[in-house]
Amino acid sequence: MSGLEETSNDLLKVKRDQELDADADEELEDDFLVDSTRYLFYRERKEWADLEPVPQDDGPNPVVKIAYSEKFSDVFDYFRALLKTDERSERALALTAEAIELNAANYTVWHYRRVLLQSLSKDLREEMRYITDIIEEQPKNYQVWHHRRMVVEWLNDPSKELDFIADILSQDAKNYHAWQHRQWVIQEYKLWDNELEFVETLLEEDVRNNSAWNQRHFVISQTTGFSDPVVVEREIQYCLNQIKKAPHNESAWNYLKGMLQDRGLSTQPGLLERVQELKETHCSPYLLAFLFDCYEDALENSTEEEQKGTLEMALEICQLLAEEKDTIRREYWRFLGRSLKKKYGNFVEPTADAQEPPASVPGHQESS
Amino acid sequence: MAEKESQLDEFEQIYFLRDRHVRFFQRTLQVLPERYASLETTRLTIIFFALSGLDVLDALDVIDRNTMIDWIYSLQVIPTEDESNLSRCGFRGSSHIGIPYSKKGPDVFHPYDSGHVAMTYTGLCSLLILGDDLSRVNKKTCLAGLRALQLEDGSFYAVPEGSENDIRFIYCAASICYILDDWSGMDIQKAIDYIRGSLSYDNGFGQGAGRESHGGWTYCAIASLCLMDRLDEALSQRELNRIRRWCIMRQQSGFHGRPNKPVDTCYSFWVGATLELLDVFQYTNFDKNRSFILSTQDQLVGGFAKWPDSHPDPLHAYLGLCGLSLIGEADLRKVHPALNITQRAFEHLQQLQQTWRDSSNGGCNGQH
């Protein structure tokens, strides 16, 4: 009997408290009795009663309004309240984690979290574990990677980075954020030693991974550089080997050309011959474009006598590309052929296809 | 012959569904479900995609210009009485910080309120598209906020409290200066240095030095240089030809953003517009480009997706339209390739700028 009475008294007490609390949700007392583990909105939590929630205000005619659930609005109404007074507290830090879970792209939440981490002198290794989990869930978000970089900088400890990034890349080997973070870590903390090996592993898995080729160039240019002829020859050999395995690979050809284009493509001893050989068995639009570029380079550096033969070969390549090997770029290869002829072909008889079609005429492409 | 006929059939069968796209953008401007929460801080860019999309479709009559203009202006950060927050001025992406809508006069200092460079850019563009005269834009504070974002290396942060910094925000800054006709907002030479430093060995541009070249960042680089009117000063003819080659090699059917990656509708604009700025877009294959873009069209809800059989979103819907506009699709307005607004909106800007110059010449100071 007394138990029941006590319960009744408790009920009355709760009821009175609710009546005094102007913001009380009328349904609360029923739910409170039924399920004390129900999610409580922040506006219902006693520990937050001192704070006035700040709603989002889009005025009378909101545009691109996102229809948030009650839970979402409630969390962010309290986030906005914390921001307004710039509160520095554990409860604020805890709330940022909830806000992040709802919208990890909100850069203000991340910034405020960083302010709190420093203000409260939080354990940054704990934060590293936290941000690791978040990035694994959302690896293409700018804010999470920026946050990680900040924490690494504060700790001045990159020791987990290369393995972590490798793990992210194992899920998407071309994730631009991951590669960018990797380059930053390597450059900032001078972690070059094993990177070439890492790149080669990735290229073995997928020789067409353009990000890995880019990283190869990044590592070599920042370590040995490309001036040493031994390095250059090694890299040429590497490229040609990869091309033999997978001829239709723009990345390998871009790397080869990129490495040599400023020192004269046509002057690299023996290269032109090796590429011409490959043309017979491992042809591709990229190989032909490379040959064209070699011939163009040769034209720039040869006598008028030598030019005639080279020009003919270059124009043949243009025609082959335009008509057969890279027809999607037909107009472009024809344009290059015309330009080359204009520049070097004073002695060549003008032919019918030397005339330039009208430029920028709408619909002139319909027949292709 | 038979092959060519079936290609023509395919070409004819894909209809451009104008009315669906108009309704897609109309719905975007109204309410989005909670799963779009990650777009909260960038809502102004979504408005831009929808408004500019409707402009390209010549369908701006479906919206209420004035209420939309008011909403955009509500996102401008107002300078405080003592002007202590100038470095934080510009436009916000949304009301997510909780600043009251109707606040017009100088406000008290809010510790976390600041503009975002991409929102200032898209905010100004949106106002232009709506026919606004920018008279309520506080040019002085926008430019002050912009200057505060540039780093020593020439790149920009997105927000004054710090964020990642890269070439995207140089593009936003250049656009802002161009629109406001005032380059005091940035150090042009430093920006050019950063852009040049982002040129990759393979002749595309990465997000920064050493990073993988990418269609989006290449657009940012070239469009910025064009807006600054420094294209030929910053890049040699040889470099420009190499960049043309990198860009034109991105066409596979539609365009991709990086070698050996799948094609994606948005690159029909990013790469297409870059090629247009470099005077060689005419040499691309319009038919294959068009076919791909239309294959990503959503026949039911309108808009375009990045890939066929995927969900459409405002960004791809807008850039798909711009891609079609570049190839001269019927009934689509022409797009200014560097500023990414219609020629119509651009002409409105030119008229405005003429008024500004006339009034400053006629004024007491006569200073520029």
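**Exercise 1. Salt bridges between the chains**

How many salt bridges are there between chain B and chain A, and which residues form one of them?

Start with the rule: a salt bridge needs a side-chain nitrogen of Lys or Arg within 4 Å of a carboxyl oxygen of Asp or Glu. With that cut-off, the count between chain B and chain A is five. One of them joins the side chains of Asp58(A) and Arg43(B), at 3.1 Å from N to O.

A word on the set-up before going on. This is a predicted model, where local features need pLDDT of at least 70 and side-chain atom pairs count only at pLDDT 80 or more, while totals for chains, interfaces and linings use all residues. Residues are numbered from 1 along each chain as its sequence is written, chains are lettered from A and ligands numbered from 1 in the order in which they are written, and side-chain values use heavy atoms, with hydrogens and water left out.

**Exercise 2. The rest of the chain interface**

Describe the interface of chain B and chain A by contacts, area and residue class.

Step 1, contacts. Taking contact as heavy atoms within 4.5 Å, 71 residues of chain B touch 75 residues of chain A.

Step 2, area. Buried area is the accessible area (1.4 Å probe) that two parts lose on being put together, summed over both. Here that comes to about 6700 Å², with 50% from carbon and sulfur atoms. Tyr112(B), Tyr201(B) and Tyr283(B) supply 14% of what chain B buries against chain A, more than any other three residues.

Step 3, polar contacts. These are pairs of N or O atoms within 3.5 Å; within protein, one must be able to donate a hydrogen and the other to accept it, and residues adjacent in sequence count only if both atoms are side-chain atoms. The rule finds 44 residue pairs across this interface, both partners at pLDDT 80 or more.

Step 4, elements. Helices (H or I, at least four residues) and strands (E, at least two) are DSSP runs, numbered from the N terminus. On the chain B side, the elements that give two or more residues include α2, β1 (31–33) and α13 (286–295). α11(B) gives the most, with four residues.

Step 5, class. Ala, Val, Leu, Ile, Met, Phe, Trp, Tyr, Cys and Pro count as nonpolar, Asp, Glu, Lys and Arg as charged, and the others, Gly among them, as polar. The chain B side then splits into 27 nonpolar, 26 polar and 18 charged residues.

**Exercise 3. Two domains of chain B**

Work out how domain 1 and domain 2 of chain B meet.

First, the bounds: domain 1 covers 40–151 and domain 2 covers 187–355, from an automatic or database domain assignment. Their centres, taken over C-alpha atoms, are 25 Å apart.

Next, the surface: 20 residues of domain 1 of chain B are in contact with 21 of domain 2. The two domains bury about 1700 Å² between them, 65% of it on carbon and sulfur atoms. In domain 1, Phe49(B), Val56(B) and Leu128(B) lose the most area, together 37% of what that side buries.

Then the polar side: the rule finds three salt bridges across this interface. Asp55(B) pairs with Arg344(B) in a salt bridge, with the closest N and O atoms 2.9 Å apart. There are also ten residue pairs in polar contact, both at pLDDT 80 or more. α3 (43–56) and α5 (117–129) of chain B each give two or more residues to the domain 1 side, and α3(B) has the largest share, seven residues.

**Exercise 4. Positive phi, buried or exposed?**

Compare the settings of Val64(A) and Glu83(B).

As background, most residues other than glycine have a negative phi. Val64(A), though not a glycine, has a positive phi of about 45°; Glu83(B) has a phi near 55°. Val64(A) sits in the loop between α2 (28–34) and β1 (65–67) of chain A, and Glu83(B) in the loop between α4 and α5 of chain B.

For burial, the cut-offs are under 20% relative accessible area for buried, over 50% for exposed, and partly exposed in between (1.4 Å probe, protein chains only). Val64(A) is buried because its relative accessibility is 0%. Glu83(B), at 38%, counts as partly exposed.
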